[in-house]
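Student: I've got a protein model open and I'm not sure how to read it. Could you walk me through a few features?

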Amino acid sequence: LLFDWEWQILRGFGKLGIKIGSGIYSASGKGLFKDGTPARETYNFMMFPNNASVVYRLQYKDRQVIVPYLEGGAGYFTFAELRSDGQKNRFGAAPVGVGAAGFGFLLDKIDPATMAELDVENGINHIYLTAELRAFVGLNKDFDFTSTMINGGFTFEF
């Protein structure tokens, strides 16, 4: 589950923004002994992928149907490994580099009356269905969070 907040600082030939984000990843499982025998304890891993980036949206008109974008920045992932066996829990953090490319598909034209109502009542100017490819490059050899993800979601423009 990821959340981002973007401030668009320049508009004109596209849109340039500063974005901050965080979220939570969670996984749980049983431990294994070296011989492969299952252990009784359960491990719960939680990570908070905090990041900040600059994003450039190739948007040249207000109701552009497809808006591609590029993004780059840095992050600091914090994590906790919680154990059920009473042993010491582990906490840590590691820096990462962040890069993404994606696009937003404008949904306003599907139901213009509802969009007009959302604009008046809630200040939501546009809603986009968003798809992206996001890559993280781990910058710490002890906790390497290098990964690539395909994300989908919604962008609300106020």
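Tutor: Let's go through strand pairing, then the core, then the pocket. Keep in mind that this is a predicted model.

Student: Okay, in what sense do strand 1 and strand 2 pair, parallel or antiparallel?

Tutor: Antiparallel, over 10 bridges. Strand 1 covers 2-12 and strand 2 covers 14-23, and a hairpin joins them through one residue. For one bridge to look up, take Q8: its partner in strand 2 is G17.

Student: And where do side chains point along a strand?

Tutor: In a regular strand they alternate between the two faces of the sheet.

Student: Which residues make up the largest nonpolar core?

Tutor: A core is a set of buried nonpolar residues joined through their side chains. Here the largest one has nine residues: M47, F77, F79, A94, V96, V98, F136, F145 and M149. Strand 6, at 90-106, and strand 5 each supply at least two of them, and strand 6 gives the most, with three.

Student: What is V98 in contact with, leaving aside its neighbours within four places in sequence?

Tutor: Its contacts include N51, E71, R134 and F136. F136 is a fellow member of that core.

Student: Now the largest pocket: how much space lies in it?

Tutor: About 920 Å³. Of the 34 residues that line this pocket, D4, K19, F154, T155 and F156 are the closest to its centre. Among the elements that give two or more residues to the lining are strand 1, strand 2 and strand 8 (147-157).

Student: What classes of residue does the lining have?

Tutor: There are 14 nonpolar, 12 polar and eight charged residues.

Key. Residues numbered from 1 in each chain as written. Predicted model: local features only at pLDDT ≥ 70, side-chain atom pairs only at ≥ 80, totals over all residues. Heavy atoms only, no water. 1 Å grid on protein atoms, 1.4 Å probe; cavity = no way out; pocket = protein on both sides within 12 Å on 5 of 7 lines; lining within 4 Å. Points joined across faces, edges and corners; volume = space filled by probe spheres on them. Helix = DSSP H or I, 4+ residues; strand = E, 2+ residues; numbered from the N terminus. Nonpolar A, V, L, I, M, F, W, Y, C, P; charged D, E, K, R; others polar. Core = buried A, V, L, I, M, F, W, Y, C linked by side-chain atoms within 4.5 Å. Buried < 20%, exposed > 50% of the residue type's maximum accessible area, 1.4 Å probe, protein only. Contact = heavy atoms within 4.5 Å. Pairing = 2+ DSSP bridges.
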